[in-house]
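Visitor: I am new to this structure and would be grateful for a close look at a single part. Please choose one region and describe how its pieces fit together.

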Amino acid sequence: PPGAGSGAKMAAPISRSGPEPGAAPYGNFPNYSRFHPPEGRISLLPQGLLRSLFPAATRPLLGLDVGCNSGELSVALYQHLLGLQDSSSSPEPPGADKELKLLCCDIDPELIRRAQQSSPFPASISFASLDIMDSGAREPFLSSFLQRFGRSSFDIGFCMSVTMWIHLNHGDRGLLEFLALLASLCTFLLVEPQPWRCYRAAARRLRRLGRDDFEHFRSLRINGDMAESITRILTQECAMELVCSFGSTSWDRSLLLFRS
């Protein structure tokens, strides 16, 4: 898929005993859902959220999940939003694919391969390797998906623990560009920003491995309370409004819903 080539350089390095823990400078941890299980976020989202946000919208609704890793959270979000039982072995109910189509992308082609192999809903959830910050790959890829449905934007976007990795790897300007992109692409946007202490922990992990520090870490002017900063950027600079804060996960990350 488009962007696969640009993502290949980003895969976590593999050692003889498997991927090095922490050697994931783009957040592409090989076993991410083991230490932040999907249920920690899903339990904060109300039942019937999709119906309340889109009571009369054209179906299928279109969703975009940026930085989906190996897909466990994408699948759990899909099941929760459609009120499906939480079992990867249960077949997709008839008509579910007419309700919501979810496009999920990640920079790491190996994680995407795993997501494609394990997805219980191939008719409704598409996984693709894409560097979302590569406009040359992103624009034709997203346009071709939207055009299949005669649409120019997504109904809902998900950005779950991704903002820090964009910020560390692309700097303040990259974070602003990324948030503006999501605001332009999505009617609703659910964001889970990482707090500043996670930035420091990510930088420490790289140093422990003897790797170069994140290029932008020491020059970031956007810092401190990142949930507050991201809310300010989306509301003041991207013309979105904060609809709801669904509280915080047990690992202290806010779930924030915005509307354009």
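Guide: Two strands are said to pair if DSSP finds at least two bridges between them. Strands are DSSP runs of E with at least two residues, and helices are runs of H or I with at least four residues; both are numbered from the N terminus. The model is predicted, so local features are reported only at pLDDT of at least 70 and side-chain atom pairs only at pLDDT 80 or more, while totals for chains, interfaces and linings use all residues. Residues are numbered from 1 along each chain as its sequence is written, and side-chain values use heavy atoms, with hydrogens and water left out.

The part chosen here is the sheet, together with the loops and charged residues around it. Seven strands make up this open sheet, in the order β5-β4-β3-β6-β7-β9-β8, and their pairing is mixed. The edges are held by β5 (125-129) and β8 (241-248); each has a single partner strand, so one side of each is left without a neighbour in the sheet. On average, neighbouring strands are turned by 15 degrees against each other, direction ignored. Such angles are taken between lines fitted to C-alpha atoms, for helices over the stretch in contact; where direction counts, they run from 0 to 180 degrees between N-to-C directions.

Consider β6 (residues 154-160) next. Seven of its seven residues are buried, where buried means under 20% relative accessible area, exposed means over 50%, and partly exposed lies in between (1.4 Å probe, protein chains only). On one side, β6 pairs in the parallel sense with β3 (residues 61-66) over three bridges, and I156 is the bridge partner of G63. Six bridges join β6 to β7, again in parallel; there F154 of β6 is matched with C186 of β7. D155 also has a partner outside the pairing: its side chain meets that of R151 in a salt bridge at 2.6 Å, N to O. A salt bridge here is a side-chain nitrogen of Lys or Arg within 4 Å of a carboxyl oxygen of Asp or Glu. D155 counts as buried at 8% relative accessibility, whereas R151 counts as partly exposed at 23%.

The order then leads to β9 and the edge strand β8. β8 and β9 (residues 254-259) run antiparallel and are joined by five bridges, with L256 as the bridge partner of S245. Helix α10 (residues 226-237) packs on the sheet and touches β7 (186-192), β8 and β9, its direction making about 5 degrees with that of β9. Contact means heavy atoms within 4.5 Å. At the other edge, helix α6 (residues 109-118) lies across β4 (100-106) and β5, running at about 160 degrees to β5.

The loop between β8 and β9 deserves attention. D252 is found in this loop, and its phi is near 65 degrees, a positive value in a residue other than glycine. D252 is partly exposed, with a relative accessible area of 45%. R253 belongs to this loop too, but R253 is buried and has no salt bridge; the nearest side chain of opposite charge is E192, 4.9 Å away. For charge, Lys and Arg count as positive and Asp and Glu as negative, while His and the chain ends are not counted.

R253 does have a polar contact of 2.6 Å with the side chain of S161. A polar contact is a pair of N or O atoms within 3.5 Å; within protein, one must be able to donate a hydrogen and the other to accept it, and residues adjacent in sequence count only if both atoms are side-chain atoms. Beyond its neighbours within four places in sequence, R253 is in contact with several residues, including Y32, H36, P193 and C198. S161 itself sits in the loop between β6 and α8 (163-185) and is buried at 7% relative accessible area. Its phi is also positive, near 55 degrees. Most residues other than glycine have a negative phi.

E192 has a salt bridge with another residue, R41, at 2.8 Å, N to O. Because E192 lies in β7 and R41 in helix α3 (residues 39-42), the pair ties together parts that are 151 residues apart in sequence. E192 is buried, with a relative accessible area of 0%, and R41 is buried as well, at 1%. This pair belongs to a structure in which a search finds eleven salt bridges.
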